[in-house]
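User: Hello! I would like a close look at one part of this protein, and then a walk outward from there. Here is the model.

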Amino acid sequence: MAAQTHLFHPLHSLSLPLKTRCKSPDFKPKLKPSTFIISSKLRAAVVGGGPAGSSAAETLAAGGIETFLFERSPSTAKPCGGAIPLCMLDEFSIPPHLIDRKVTRMKIISPSNLAVDFGKTLKPHEFISMLRREVLDDFLRRRAESCGAALIKGLVTNVEVPLTSSSSYVIHYNKNNSQKSLAVDVVIGADGANSKVAKAIKAGDYTCAIAFQERIKLPEEKMEYYENLAEMYVGNDVSPDFYAWVFPKCDHVAVGTGTVCSKKDIKMFQHGIRARVRPKTHGGQVIKVEAHPIPEHPRPVRVRGRVALVGDAAGYVTKCSGEGIYFAAKSGRMCGEAIVKASEGGERMISEEDLKREYLKKWDEKYLTTFRFLDLLQRVFYGSNAAREALVELCGDEYVQRMTFESYLYKKLARGNGWDDIKMVMNTIGSLIRCDIVGRGIEMFDKRVLAQL
C-alpha cells in the first residue's frame with residue numbers, strides 16, 4: 001500500500017508541520033469501517049494556488065488529509081475579468097471587503113454600437129461582484145493555510161508517476177533556486193491551462209483561447225461612469241469568436257478581449273476594443289498589461305490513477321460567457337470532498353475508481369449540460385456580426401434577462417414558464433432571420449434548444 005511505504009520513504013523528511021485544523025463549512029465526512037486501513041495519514045499535493053487549488057487544499061486539510069499546497073508566485077494572479085456570481089459569496093464565505101464593485105448595470109454593445117441595458121430584472125439585493133484576482137487568491141490561500149494546509153512557495157517542475165499502484169507520487173519542485181522533492185499519495189492538478197500535472201498523467205490536449213487585458217486607471221470623473229456598470233462588446237473588430245469587456249475594479253477598469261481562432265491577432269483585437277471605448281477611457285493610464293491561455297473545453301482525461309485535475313487544468317471554463325472562477329473553486333472543493341470521503345478522513349488509500357465515482361461523475365452530472373448548452377450558444381451567436389446583432393437584440397427582452405441572471409447568479413437552471421420559453425425560442429429564430437442567419441444554423445439551434453426545455 002502506498003501510504004504504508006511512505007513511512008520509510010526518505011523524501012518524507014521534507015514534511016512540514018501542520019497548523020490547527022478548521023472545519024469545512026460544507027463538508028462533514030461520514031466515516032465507515034474500512035478494510036484498507038493505512039498506517040499513516042493520507043498525504044496530498046495540490047499544485048496551483050488559485051481558487052481551484054486553494055479550495056481543494058482547504059477542504060482536504062479540514063477533512064483530515066495531510067495537505068501541501070504548491071504556488072510558485074503568490075504575489076501574482078492569472079489575468080481575469082474578476083466577476084463572480086452572487087451565490088459564491090455565501091457558498092465560499094467570501095467577505096464583503098474583498099469586493100471592489102457591486103455591478104447592478106450591464107450593457108451589451110453590438111457591432112453596429114447598438115447598446116442594450118442588460119440588468120433590468122435584477123432585484124434590489126442582487127448584483128455581480130467584481131474582485132481583483134490577486135486579492136481573492138491571497139484570501140483563499142490564507143484560509144487553506146488556517147485549515148492546516150502547508151503552503152510551499154515553489155515552482156513544480158515535474159510530477160513523477162509511480163510504476164506501481166502501491167508507490168508514491170513524487171513532486172519535484174524548485175524553491176529558492178534549490179531542487180527539492182516530496183512524496184505523496186494523491187495529487188490534484190490546479191495549475192492552469194499549461195498544467196504540468198496534466199502532462200505528467202498524459203491527460204491529452206485541448207483548445208485554448210488567449211485572453212488579453214489592460215488595467216487602465218481613469219480620472220475620477222470618468223471612473224464615476226463605471227461605478228456600478230460593466231460593459232460587453234461584440235464584433236469582428238474586438239473578437240472573431242468571443243467578446244470584449246470593460247469591468248470596473250477599485251480604482252481602475254479592466255479592458256480586455258479573447259479569441260480562440262485568431263490568437264496571433266490578439267493585440268489587433270485589443271486595439272479594437274480600446275478604439276470602441278476611447279471616448280469613455282480617454283486620459284486613462286495603463287497600469288498593467290496581462291495575457292493568459294484559457295481552456296475552451298474539458299480535457300480528454302481528468303482523472304488518472306490517484307491524480308485529478310480541477311479548474312482550468314481540467315478545462316472548466318464556460319463557452320459564451322467565459323466564466324471560470326466559480327467553476328474552479330467548485331471543482332476544487334468537490335474534488336477535495338471526494339478524497340476526504342473516499343479515504344474516510346485520510347485513514348485509507350483511495351483509487352482511480354474512487355475519484356471517478358465521487359468527483360468526476362458528480363461533477364459531470366451537475367454541470368456537463370450547462371457547459372454543452374453554452375458551447376452551443378457560442379457557436380450560434382458568435383460566428384458572424386449578423387448573429388451578434390441578433391444576440392444583442394435578444395438581450396433586450398426582459399424574460400431573456402431574467403432567465404440569464406437567475407441561472408448565472410445562483411448557478412441553478414432557472415425555472416421558466418412553458419409558454420414564455422416557446423416565445424423565447426420563436427423570438428430567437430426571428431432575430432436570427434432578421435439578421436440574415438438562415439439554414440442549418442437555425443435548424444440546429446431550434447432542435448437543441450427545444451430539447452433543453
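Which residue lies over the face of Phe92, and at what distance from the ring centre? Please set the answer in its surroundings.

Analyst: Happy to! Bear in mind that this is a predicted model. The residue you are after is Arg333, which lies over the face of Phe92 at 4.1 Å from the ring centre. Phe92 also belongs to an aromatic cluster, in the company of Tyr316, Tyr326, Phe327, Trp363, Tyr367 and Phe371. With ring centres required to lie within 6.5 Å for a pair, the count comes to 16 aromatic pairs. A pair of aromatic rings is described by the distance between the centres and the angle between the planes. Another arginine sits over a ring elsewhere: Arg299 lies over the face of Tyr206, at 4.0 Å from the ring centre.

Now for the chain that holds these contacts. Its secondary structure comes to 14 helices and 19 strands. Of the 453 residues in the protein chain, 57% are buried. The accessible surface is about 19800 Å², and carbon and sulfur atoms account for 54% of that. If you take contacts between residues at least 6 apart in sequence, 74% of them join residues at least 24 apart.

Among the strands, strand 15 (residues 239-248) is a good place to pause. This strand is mostly covered, with 10 of its 10 residues buried. Strand 14 (residues 229-235) runs antiparallel to strand 15 and is joined to it by 4 bridges. The two form a hairpin with 3 residues between them, and Gly235 stands opposite Ser239 in strand 15. Strand 15 is also joined to strand 16 (residues 253-259), by 5 bridges and again in antiparallel fashion. Here the hairpin has 4 residues between its strands, and Pro248 faces Val253 in strand 16.

One more sheet rounds out the tour. Strands 9, 10 and 11 make an open sheet of 3 strands, in the order 9-10-11 and with antiparallel pairing. Strand 9 (155-160) and strand 11 (178-184) stand at the edges with a single partner strand each, so one side of each has no neighbour in the sheet. From one strand to the next, the twist averages 25°. Strand 10 (residues 169-175) is joined to strand 11 by 7 bridges, and Val170 in this pairing stands opposite Ala183 in strand 11.

Terms used
Residues are numbered from 1 along each chain as its sequence is written. This is a predicted model: local features need pLDDT of at least 70, side-chain atom pairs count only at pLDDT 80 or more; totals for chains, interfaces and linings use all residues. Side-chain values use heavy atoms; hydrogens and water are left out. Two strands pair if DSSP finds at least two bridges between them. Axes are lines fitted to C-alpha atoms, for helices over the stretch in contact, and angles run from 0 to 180 degrees between N-to-C directions. Rings of Phe, Tyr and Trp (its six-membered ring) pair if their centres lie within 6.5 Å; planes under 30 degrees apart count as stacked, over 60 as edge-to-face and the rest as tilted. A charge sits over a ring if NZ of Lys or CZ of Arg is within 6 Å of the ring centre and within 35 degrees of the ring normal. Buried means under 20% relative accessible area, exposed over 50%, partly exposed in between (1.4 Å probe, protein chains only). Contact means heavy atoms within 4.5 Å. Accessible areas come from the Shrake-Rupley method with a 1.4 Å probe; for residues, only the protein chains shown count as cover.
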